[in-house]
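Please look at the strand pairing in this model and at the surroundings of its ligand. The report below takes the two topics in turn.

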Amino acid sequence: MQGELLYTGKTKQVFTTDNPDYIIIHYKDDALAYNGIKRAQIANKGVLNNKISAIIYQKLEKEGFKTHFIKQLNARDQLCKRKSQIIQLEFIVRNIAAGSMAKRLGLKIGTPFATPVFEITYKNDELSDPIINEHHAVALGLSTYEELAEIHDVVRRLNTTLQRIFAEIGVTLVDVKFEFGRTPDGTLVLADEISPDTTRLWDTKTMESLDRDRFRKDLGKISEAYEEILNRLSATNV
Ligand code: C5P
């Protein structure tokens, strides 16, 4: 049963439950881009992302990854494990040049990388989530070299697995962002959502964006694109 509101995030809310080890994550329709400079409501986005993320997490759990996900409860809510620690870092993997990396380094969007590119950003709204390296993360006391090595290994395997999951539905995983936490027993778990809000997903045939870039770049048909991802994933989830 849903308890108190613990936290209101940009696109989700977190509630306690009557089990202290569990939380409820509620998906809202808010869309944000460019560190919150651009904001809007996209009807039904929360419903779509809740379902998409639930399907992806179920697939990852089947593949043996440890995640915070327990089950989808209803259209906008999912039951997850409580994390006693959230690692204040975002781990980005890029398979193809796009977004902030393409801009920062003057790369042509769509250039594939020979090997995945790993980035770390510091989760800090005031600083607009700056890109940092592992030495910065350790110096800031946000992680340890041992933990970063463990996460790097998980992130590399997650990227390969997700590339395969999306390839099966005719979608190319351009890049993706992951977050991690630890449950009270110390287990490292994948946290937050994996959805078109946290990935770049291109239709492999047409190269059309089926993700948050539709909002960032005013391409229109945002919920239609998210729905397309959901429909294709649902077809593989029987
Ligand atoms: O904007 P940038 O190119 O750095 O984003 C890389 C990937 O990480 C994209 O898939 C983007 O949607 C995701 N991301 C995210 N949350 C952030 C920053 C980036 O999900 N705060």
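Strand β12 (171-182) is mostly covered, since 11 of its 12 residues are buried, where buried stands for under 20% relative accessible area with a 1.4 Å probe and protein chains only. This is a predicted model, in which local features need pLDDT of at least 70, side-chain atom pairs count only at pLDDT 80 or more, and totals for chains, interfaces and linings use all residues. Residues are numbered from 1 along each chain as its sequence is written, and side-chain values use heavy atoms, with hydrogens and water left out.

The table lists antiparallel partners of β12; strands are DSSP runs (E, at least two residues), and two of them pair if DSSP finds at least two bridges between them.

| Partner of β12 | Bridges | Residues opposite each other |
|---|---|---|
| β8 | 2 bridges | Ile86 and Gly181 |
| β9 | 4 bridges | Phe91 and Phe178 |
| β13 | 4 bridges | Val189 and Gly181 |
| β14 | 5 bridges | Arg200 and Asp175 |

In the hairpin of β12 and β13, 5 residues lie between the strands, and Gly186 takes a positive phi near 95°.

Asp175 and Arg200 also belong to the 14 residues that surround the ligand, and are among the closest; a residue counts as near if one of its heavy atoms lies within 4 Å. The largest share of this shell, 3 residues, comes from β9. Polar side-chain atoms of Ser100 and Glu90 lie 2.5 Å from a ligand oxygen and 3.2 Å from a ligand nitrogen, respectively.

Methods
A polar contact is a pair of N or O atoms within 3.5 Å; within protein, one must be able to donate a hydrogen and the other to accept it, and residues adjacent in sequence count only if both atoms are side-chain atoms. Buried means under 20% relative accessible area, exposed over 50%, partly exposed in between (1.4 Å probe, protein chains only).
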